[in-house]
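Me: Could you walk through this structure with me, starting with the backbone and then moving on to the charges?

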Amino acid sequence: MPTVRDIRTKAGDEPITMATAYDAPAAEIVDEVGVDIVLVGDSLGNTTLGYDTTLPVTVDDIARHVGAVSRATEDALVVADMPFLSFGVSEEESIKNAGRMLKEAGAKAVKLESGPHTVGLTERLVQLGIPVVAHLGLTPQRVNEYGGYPRQGTDTETATEIIELAKAHAHAGAFALILEHVPANLARTVTDAIEIPTIGIGAGPDCDGQVLVFHDIVGLSEWTPSFSKQYGNVREEMKNAVEAYANEVESGEFPGPEHSHESDDLEDLESFY
Ligand code: KIV
């Protein structure tokens, strides 16, 4: 069972595997195949709750799904993603919300979409025993500021800002850093510049680990980002199964004798009516 300490010391070691999961069956699969970290991402909003962005996701939503994932996970390290405005507004609220993920829901750590405003908070959470994964580059909770989901750190000024923030969060005590949708050469530079492991998504091959969204991996999403890779076609499989079921109900083939039972005590019942 990897601990926060194990992950922290894995920089430059064997690649770290991380995948999202939002419910018990997905968590069981991710855990059984030996993925190191399972992230209950606020991508829950898009993948599972039917929202267009992650912004409407609440602390209650994440806590409920972290509970399901934690109950189904034996080995992987469970990380709870802190939703939009659940952190960074007031320190007290941030600590209360992050603490709830560990105290009530069973997470072992939290992830914050990071920026200059989360350096102090990261330090405080770590002091209190709440391990933190930082997240830089494309941080989807800023969709309204970006006007979409564009690549980040593509010029010297913004790349330098990301490098400085990565160092600041490593110094503040984060035990890993997610880098999303940034150039591979920037991710390589950050990975070399900090002691803690980097975990990339759309950040090239030189991070210490990789993370993908469960629905993208298995092919359940209707749309996947260009940097993601689909390893299955579960959506098609599910559609075929549900279609076959509906067709059998319509044709009378289901339920068959093997799916039904008769009670001997009711032998006379039909003669009464
Ligand atoms: O919410 C999420 O799933 C994430 C990962 C894609 C890193 O933040």
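**Backbone, burial and charge**

Reply: Leu85 is a convenient place to begin, since Leu85 sits in the loop between E3 and H5, and the model we are looking at is a predicted one.

Me: What is the phi of Leu85?

Reply: Leu85 has a positive phi, about 65°, although Leu85 is not a glycine.

Me: Is Leu85 buried or exposed?

Reply: Leu85 counts as exposed, because its relative accessible area is 56%, on the far side of the 50% cut-off.

Me: And His181, what is phi there?

Reply: Phi of His181 is near 50°, again a positive value in a residue other than glycine. His181 belongs to the loop between strand E6 (176-180) and H9, and with a relative accessibility of 12% His181 counts as buried.

Me: Which peptide bond is cis?

Reply: The bond from Phe254 to Pro255 is cis, with omega near 0°. Pro255 is part of the loop that runs between helix H11 (234-251) and helix H12 (269-272).

Me: Stepping back, how many helices and strands are there in the chain?

Reply: The chain has twelve helices and eight strands, and its C-alpha trace spans about 85 × 35 × 35 Å along the principal axes.

Me: What share of the residues is buried?

Reply: Of the 273 residues in the chain, 48% are buried. The accessible surface comes to about 14,700 Å², and carbon and sulfur atoms account for 50% of that surface.

Me: What about contacts, what share joins residues at least 24 apart?

Reply: If one takes the contacts between residues at least 6 apart in sequence, 56% of them join residues at least 24 apart.

Me: Where is Thr54, and what does Thr54 touch?

Reply: Thr54 lies in the loop between helix H3 (44-47) and H4, and, not counting residues up to four places away in sequence, Thr54 touches Asp42, Ser43, Asn46, Pro140 and Gln141. With a relative accessibility of 4%, Thr54 counts as buried.

Me: Thr191, buried or exposed?

Reply: Thr191 counts as buried, at 12% relative accessibility, and its place is in helix H9 (residues 184-193). Leaving aside neighbours within four places in sequence, Thr191 is in contact with Thr198, Asp206, Cys207 and Asp208.

Me: On to charges, how many salt bridges does the structure hold?

Reply: There are eleven salt bridges in the structure. As a general matter, side chains of opposite charge can pair when their charged atoms come close.

Me: What does Arg100 pair with?

Reply: Arg100 forms a salt bridge with Glu104, and the closest N and O atoms are 3.0 Å apart.

Me: Why are Arg100 and Glu104 about one helical turn apart?

Reply: They are separated by about one helical turn because Arg100 and Glu104 are four residues apart in helix H5 (residues 91-105). As for their surroundings, Arg100 is partly exposed at 24% relative accessibility, while Glu104 is exposed at 60%.

Me: Which residues are linked with Arg100 in a network?

Reply: Asp60, Arg100 and Glu104 are linked in a network of salt bridges.

Me: And Asp61, which side chain does Asp61 meet in a salt bridge?

Reply: The side chain of Asp61 meets that of Arg64, at 3.9 Å from N to O, and both residues lie in helix H4, three residues apart, or about one turn of the helix. Asp61 counts as buried at 14% relative accessibility, whereas Arg64 is exposed, with a relative accessible area of 53%.

Me: What about Glu164 and Lys167, how far apart are N and O?

Reply: Glu164 and Lys167 form a salt bridge at 4.0 Å, N to O, and they lie three residues apart in helix H8 (residues 156-172), about one turn of the helix. Glu164 is partly exposed at 44% relative accessibility, and Lys167 is partly exposed as well, with a relative accessible area of 37%.

Me: Which residues gather in the patch of negative charge?

Reply: Glu28, Glu32, Glu74 and Asp75 gather in that patch on the surface. Asp75 lies in the loop between helix H4 (59-72) and strand E3 (77-81), and Asp75 is partly exposed, with a relative accessible area of 39%.

Me: Last one, how far apart are the mean positions of the positive and negative charges?

Reply: The mean positions of the 18 positive and 46 negative charges of the chain are 12 Å apart.

Key
Residues numbered from 1 in each chain as written. Predicted model: local features only at pLDDT ≥ 70, side-chain atom pairs only at ≥ 80, totals over all residues. Heavy atoms only, no water. Patch = residues over 30% accessible without salt bridge, like charges linked within 9 Å, V, L, I, M, F, W, Y side chains within 5 Å. Areas by Shrake-Rupley, 256 points an atom, 1.4 Å probe, with all protein chains shown as cover. Lys, Arg positive; Asp, Glu negative; His and termini not counted. Charge placed at Lys NZ, Arg CZ, Asp CG, Glu CD. Helix = DSSP H or I, 4+ residues; strand = E, 2+ residues; numbered from the N terminus. Buried < 20%, exposed > 50% of the residue type's maximum accessible area, 1.4 Å probe, protein only. Contact = heavy atoms within 4.5 Å.
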